[in-house]
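Here is a set of exercises to work through with the viewer open. Try each task yourself before reading the solution below it.

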Amino acid sequence: MGVAAKIAPSMLSSDFANLASEAKRMLSLGADWLHMDIMDGHFVPNLTIGAPVIESLRKHTTAYLDCHLMVTNPLDYVDPMGKAGASGFTFHVEVSKENWQELVQKIKAKGMRPGVALKPGTPIEEVYPLVEGEHPVEMVLVMTVEPGFGGQKFMPETMEKVRVLRKKYPSLDIEGITHIYGNGQVDGGLGPSTVDVAASAGANCIVAGSSVFGASEPGQVISLLRKSVQGAQQNN
């Protein structure tokens, strides 16, 4: 059996006016994590949420808050996110090549789980030192669209990175993500069609946006995403 399947609805696709109730609804329908997209308007052109929203949501849930930081200076966010109650802190390798060791140590010191993300055009080899280092990251997020832009098509060629990672690191959490907001996020982004591709490649953490929130029966979609991962693991 492979690493556990984890389904993480992207809260950016939720009704932000009712964030706490949306979080509770997703968890009651079987979600494992809640995926939070933090964008700074610099690393990516969009501006979304920050530590104050994480802190507010934390008051209403004990869930794992899987935070993906699409920011230019992730080191500046470690203290605020730790105090706010973030569970996971995933930063981008493209902006952390010089200080990732310090960054990982500080993330862990604040009680958060470190992860690293990479854009579609970034070679997978760039994350190897972060997985194999003295202070390693514990998850790799493989982006299948450019961060910060909605309406993009899933890029299946990025799944080769997932395959390489899974073969090299059998017990690593590998997260698939496509759309950052809008139409579905290893989503369609990963909706039920493309999730099979990501799961077969080896992704075990699936981020889904409107493919969950826009569904008439979101609980069924969450179940379908989980079964896709589990089925792929049994077949590999």
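A residue counts as buried when its relative accessible area is under 20%, as exposed when it is over 50%, and as partly exposed in between. Keep in mind throughout that this is a predicted model.

**Exercise 1. Using that cut-off, work out how many residues of β4 are buried, and which way they point.**

Step 1. Strand β4 covers residues 88-92. Five of its five residues are buried, so β4 is largely enclosed by the rest of the structure.

Step 2. Now sort the side chains by direction. Gly-88, Thr-90 and His-92 point one way, while Phe-89 and Phe-91 point the other way. This fits a general pattern: in a regular strand the side chains alternate between the two faces of the sheet.

**Exercise 2. Find the strands that pair with β4, and give the sense of each pairing.**

Step 1. Begin with β5, which runs parallel to β4 and is joined to it by five bridges. Within this pairing, Phe-91 has Val-116 of β5 as its bridge partner.

Step 2. Turn to β3 (residues 64-70), which is also parallel to β4 and is linked to it by three bridges. Here His-68 stands opposite Thr-90 of β4.

Step 3. Check the burial of β5 as well. Five of its six residues are buried, so β5 too is largely enclosed by the rest of the structure.

**Exercise 3. Decide where the buried residues of helix α4 sit around its axis, and what they pack against.**

Step 1. List the buried residues of α4 (residues 100-109): Trp-100, Leu-103, Val-104 and Ile-107.

Step 2. Look down the axis. These residues cover an arc of only 95 degrees, which puts them on the same side of α4.

Step 3. Identify the packing partners. The buried residues of α4 pack against α3 (78-84), β4, β5 and α5.

Step 4. Follow the chain just past the helix. There Gly-111 takes a positive phi of about 80 degrees.

**Exercise 4. Repeat the analysis for helix α6.**

Step 1. In α6 (residues 159-168), the buried residues are Met-159, Lys-161, Val-162, Leu-165 and Arg-166.

Step 2. Their directions fall within an arc of 145 degrees when seen down the axis, so they line one face of the helix.

Step 3. The elements they pack against are β5 (113-118), α5 (128-132), β6 (139-143), β7 (173-177) and α7 (195-201).

Step 4. Lys-161 also brings in a loop residue, Thr-122, which touches Lys-161 along with Val-93 and Glu-94, leaving aside residues up to four places away in sequence. Thr-122 lies in the loop between β5 and α5, and its relative accessibility of 7% is why it counts as buried.

**Exercise 5. Which strands pair with β8, and which residues stand opposite Cys-205?**

Step 1. Strand β1 (residues 6-9) pairs with β8 in the parallel sense over four bridges, and Lys-6 stands opposite Cys-205.

Step 2. Strand β7 is joined to β8 by two bridges, again in parallel, and Glu-175 stands opposite Cys-205.

Step 3. Both faces of β8 (residues 205-208) are covered, with Cys-205 and Val-207 buried on one side and Ile-206 and Ala-208 buried on the other.

**Exercise 6. Locate the nonpolar cores and their best-connected members.**

Step 1. The largest core has 62 residues, and Ile-54, Met-81 and Phe-91 touch the most other members. Helix α9 (residues 218-235) gives the largest share of this core, with five residues.

Step 2. Apart from it lies another core, of nine residues, which include Trp-33, Leu-141, Cys-205 and Val-207.

Step 3. Return to Ile-54 and list its contacts beyond four places in sequence. Among them are Met-36, Ile-38, Leu-65, Cys-67 and Met-81.

**Exercise 7. Assess the overall dimensions of the chain.**

Step 1. The chain holds nine helices and eight strands. Its radius of gyration is 16 Å, close to the 18 Å that the globule rule gives for 236 residues, so it is as compact as a globular protein of that length.

Step 2. The C-alpha trace spans about 45 × 40 × 30 Å along its principal axes.

Step 3. Of the 236 residues, 55% are buried. The chain exposes about 9,600 Å², with 51% of that supplied by carbon and sulfur atoms.

Key
Residues are numbered from 1 along each chain as its sequence is written. This is a predicted model: local features need pLDDT of at least 70, side-chain atom pairs count only at pLDDT 80 or more; totals for chains, interfaces and linings use all residues. Side-chain values use heavy atoms; hydrogens and water are left out. A nonpolar core is a set of buried Ala, Val, Leu, Ile, Met, Phe, Trp, Tyr and Cys residues joined through side-chain atoms within 4.5 Å. Buried means under 20% relative accessible area, exposed over 50%, partly exposed in between (1.4 Å probe, protein chains only). Contact means heavy atoms within 4.5 Å. The arc is that of the directions from the helix axis to the C-beta atoms. The radius of gyration is taken over C-alpha atoms; the globule rule is 2.2 Å times the number of residues to the power 0.38. Accessible areas come from the Shrake-Rupley method with a 1.4 Å probe; for residues, only the protein chains shown count as cover. Two strands pair if DSSP finds at least two bridges between them.
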